[in-house]
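Ready for a few exercises at the bench-side screen? Open the viewer, try each task yourself, and then read the worked solution below it.

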Amino acid sequence: MASPRWKKLADEIANEIAEGVYPPGAKLPRIADLVAAGRGSRTTVQRAYSELTEQGLTIGVQKLGTIVSPILGKIHRDGTGRYMRVAREQSGARGAFAAEIERLGMAPVSKTDISRGSPPARIAELLDVDPSALDTVLIRARVMSASEIVVQLATSFFPGSIAFGTQLEQQDTGAGGSKSRLEELGHGQRTITETINVRSPSPAEASALAIPMERQVYEITHVARSAEGRAVEVCVHVVSTTLWTLSYTWPIDPPEAPVDPA
């Protein structure tokens with residue numbers, strides 16, 4: 001069965017991107033221009049452009065149109081290894097995100113709003129703090145970019161009893177980020193649970209990530225616990241499904257030892 005015209009056009013433009021006709025950051029032709037050039041109807045071009053965005057090859061930027069993503073393909077978020085010290089402190093990186101982006105050859109930038117406050121009820125329950133009390137947690141709300149392209153929103157909550165008055169309240173948490181500082185404070189993270197949901201973005205999230213409202217996002221709720229089982233950080237990550245791929249690896253039951261026939 002022949003591929004639909006929009007798929008053929010998407011493949012043609014993807015090849016042109018791979019060949020450097022449209023390099024990273026370049027603006028693709030206007031839909032009207034491709035229609036005038038005979039490459040398809042308006043609907044065909046729109047569908048092809050949507051497919052390219054789904055593949056992570058392009059992004060929509062307000063007032064600019066469709067541009068080739070500076071990140072060709074998706075950002076790989078290795079949920080298994082990204083929080084290991086060797087990964088998050090690579091070359092002095094300020095945490096797991098910075099290390100991931102630097103490995104892509106891009107510049108990680110985080111704009112952080114730091115405050116003391118009360119968390120949402122579900123976060124309060126995880127951290128075992130009173131949701132009605134004032135200033136029970138330290139909040140680090142970050143808008144995170146890769147070479148000026150916003151690729152992630154992340155808000156971390158730390159119990160105030162261990163975070164207030166520490167480097168966690170500073171803009172620069174140092175090499176390795178907050179996880180390394182918690183380790184130094186005697187609250188090293190030993191187990192991590194991540195719950196992933198796919199949902200529509202809020203208007204504010206869509207605006208910050210420069211994505212349309214109909215585009216879906218991953219919401220990753222990250223809960224990190226100390227050796228004693230205490231939750232010492234809850235972080236809610238929001239990322240576009242078209243820009244990130246998530247992977248996890250874990251061991252399963254080892255094979256049973258062979259039975260000695262004797």
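**Exercise 1. Decide whether arginine 199 is buried, partly exposed or exposed, and find its salt-bridge partner.**

Solution. Keep in mind that this is a predicted model.
- Step 1: Take the relative accessible area of arginine 199, which is 23%. Buried means under 20% and exposed means over 50%, with partly exposed in between, so arginine 199 is partly exposed.
- Step 2: Look for the partner. Arginine 199 makes a salt bridge with glutamate 219, and their closest N and O atoms are 3.1 Å apart.
- Step 3: Place both ends. Arginine 199 belongs to strand β7 and glutamate 219 to strand β8, so this pair ties together parts that lie 20 residues apart in sequence.

**Exercise 2. Find what arginine 122 pairs with, and work out which elements the pair ties together.**

Solution.
- Step 1: Start from the general idea. Side chains of opposite charge can pair when their charged atoms come close.
- Step 2: Apply the cut-off of 4 Å for a salt bridge. Arginine 122 and glutamate 219 have their closest N and O atoms 3.9 Å apart, and they form a salt bridge.
- Step 3: Locate the two residues. Arginine 122 sits in helix α6 (residues 121–127) and glutamate 219 in strand β8 (residues 217–225), so the pair links parts that are 97 residues apart in sequence.
- Step 4: Check the cover. Arginine 122 is partly exposed at 40% relative accessibility, whereas glutamate 219 is buried at 14%.

**Exercise 3. Describe the salt bridge of arginine 190, then set it in the tally for the whole structure.**

Solution.
- Step 1: The partner of arginine 190 is glutamate 183, with 2.8 Å between the closest N and O atoms.
- Step 2: Arginine 190 has a relative accessibility of 48% and counts as partly exposed. Glutamate 183 is partly exposed too, with a value of 28%.
- Step 3: For the tally, the structure holds 12 salt bridges.

**Exercise 4. Work out how well covered helix α8 is, and what follows the helix.**

Solution.
- Step 1: Helix α8 spans residues 177–184, and six of its eight residues are buried, which makes the helix mostly covered.
- Step 2: Name the buried residues: Gly177, Ser178, Lys179, Ser180, Arg181 and Leu182.
- Step 3: Move past the end of α8. Glycine 186 follows the helix, and its phi is positive, near 90°.

**Exercise 5. For aspartate 128 and alanine 210, give the sign of phi, the location and the exposure.**

Solution.
- Step 1: Aspartate 128 has a positive phi near 60°, in a residue other than glycine. The phi of alanine 210 is also positive, near 55°.
- Step 2: Aspartate 128 is in the loop between α6 and β5 (137–146). Alanine 210 is in the loop between α9 (203–209) and β8.
- Step 3: Aspartate 128 is exposed, at 70% relative accessible area. Alanine 210 is partly exposed, at 35%.

**Exercise 6. Which residues form a nonpolar patch on the surface, and where is isoleucine 196 found?**

Solution.
- Step 1: The patch consists of Ile196, Tyr248, Trp250 and Ile252, which together have about 460 Å² of accessible area.
- Step 2: Isoleucine 196 is in strand β7 (residues 191–199).
- Step 3: A patch residue needs over 30% relative accessible area. Isoleucine 196 has 33% and is partly exposed.

**Exercise 7. Find the arginines whose charged ends sit over the rings of tryptophan 6 and phenylalanine 164.**

Solution.
- Step 1: Over the ring of tryptophan 6 sits the charged end of arginine 47, 4.0 Å from the ring centre.
- Step 2: Over the ring of phenylalanine 164 sits the charged end of arginine 116, 4.0 Å from the ring centre.

**Exercise 8. Sum up the protein chain as a whole.**

Solution.
- Step 1: The secondary structure comes to nine helices and 10 strands.
- Step 2: Of the 262 residues, 45% are buried.
- Step 3: Among contacts with a separation of 6 or more, 57% are between residues 24 or more positions apart.
- Step 4: The accessible surface is about 13800 Å², and 53% of this area belongs to carbon and sulfur atoms.

Key:
Residues are numbered from 1 along each chain as its sequence is written. This is a predicted model: local features need pLDDT of at least 70, side-chain atom pairs count only at pLDDT 80 or more; totals for chains, interfaces and linings use all residues. Side-chain values use heavy atoms; hydrogens and water are left out. Patches are made of residues with over 30% relative accessible area and no salt bridge: like charges are joined within 9 Å, nonpolar side chains (Val, Leu, Ile, Met, Phe, Trp, Tyr) within 5 Å. Accessible areas come from the Shrake-Rupley method with a 1.4 Å probe; for residues, only the protein chains shown count as cover. A salt bridge is a side-chain nitrogen of Lys or Arg within 4 Å of a carboxyl oxygen of Asp or Glu. Helices (H or I, at least four residues) and strands (E, at least two) are DSSP runs, numbered from the N terminus. Buried means under 20% relative accessible area, exposed over 50%, partly exposed in between (1.4 Å probe, protein chains only). Contact means heavy atoms within 4.5 Å. A charge sits over a ring if NZ of Lys or CZ of Arg is within 6 Å of the ring centre and within 35 degrees of the ring normal.
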